[in-house]
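Trainee: I have a new model open and would like to go through it with you. Could we begin with how far it can be trusted?
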Amino acid sequence: WTVTLTPSSCELTPGKTEGADCVLKTSRELFTRLVDGSFKPGAMDIVTGKLKTNDPQLLVRLQQAFGL
């Protein structure tokens, strides 16, 4: 899935996009827990491979945008 965020909108589309600013790869279960607020990721989750991202700082901003 691709999530496109702008200051005024959020769009969700199936599939990948080229040139994404921030890529997040994780399991379905972990993503569900992230979204429902029962999982707060930390640096060790990236180190251990539970979460994979090309830009950890933007991942934090994504969490902040959704209040996670």
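Mentor: Among the elements of the protein, H3 has the lowest mean pLDDT, 81, and S4 the highest, 90. Here pLDDT is the predictor's confidence in each residue, from 0 to 100; helices (H or I, at least four residues) and strands (E, at least two) are DSSP runs numbered from the N terminus.

Trainee: And what is the mean pLDDT of the protein?
Mentor: The mean is 86, and 99% of the residues reach 70 or more. This is a predicted model, in which local features need pLDDT of at least 70 and side-chain atom pairs count only at pLDDT 80 or more, while totals for chains, interfaces and linings use all residues. Residues are numbered from 1 along each chain as its sequence is written, and side-chain values use heavy atoms, with hydrogens and water left out.

Trainee: In which sense do S1 and S2 pair?
Mentor: They pair in the antiparallel sense over 5 bridges; pairing requires at least two DSSP bridges between two strands. The two form a hairpin with 2 residues between them.

Trainee: Which residues in S2 are the bridge partners of Val3 and Thr6?
Mentor: Val3 is partnered by Leu12, and Thr6 by Ser9.

Trainee: Changing topic, where does Thr53 lie?
Mentor: Thr53 lies in strand S4, residues 52–53.

Trainee: Which backbone atoms lie by polar atoms of its side chain?
Mentor: The backbone oxygen of Val23 lies 2.8 Å from a polar atom of the Thr53 side chain, and the backbone nitrogen of Asp55 lies 3.2 Å from a polar atom of that side chain.

Trainee: Which residues is Thr53 in contact with, leaving aside its neighbours within four places in sequence?
Mentor: Thr53 is then in contact (heavy atoms within 4.5 Å) with Cys22, Val23, Ile46 and Leu59.

Terms used
A polar contact is a pair of N or O atoms within 3.5 Å; within protein, one must be able to donate a hydrogen and the other to accept it, and residues adjacent in sequence count only if both atoms are side-chain atoms.
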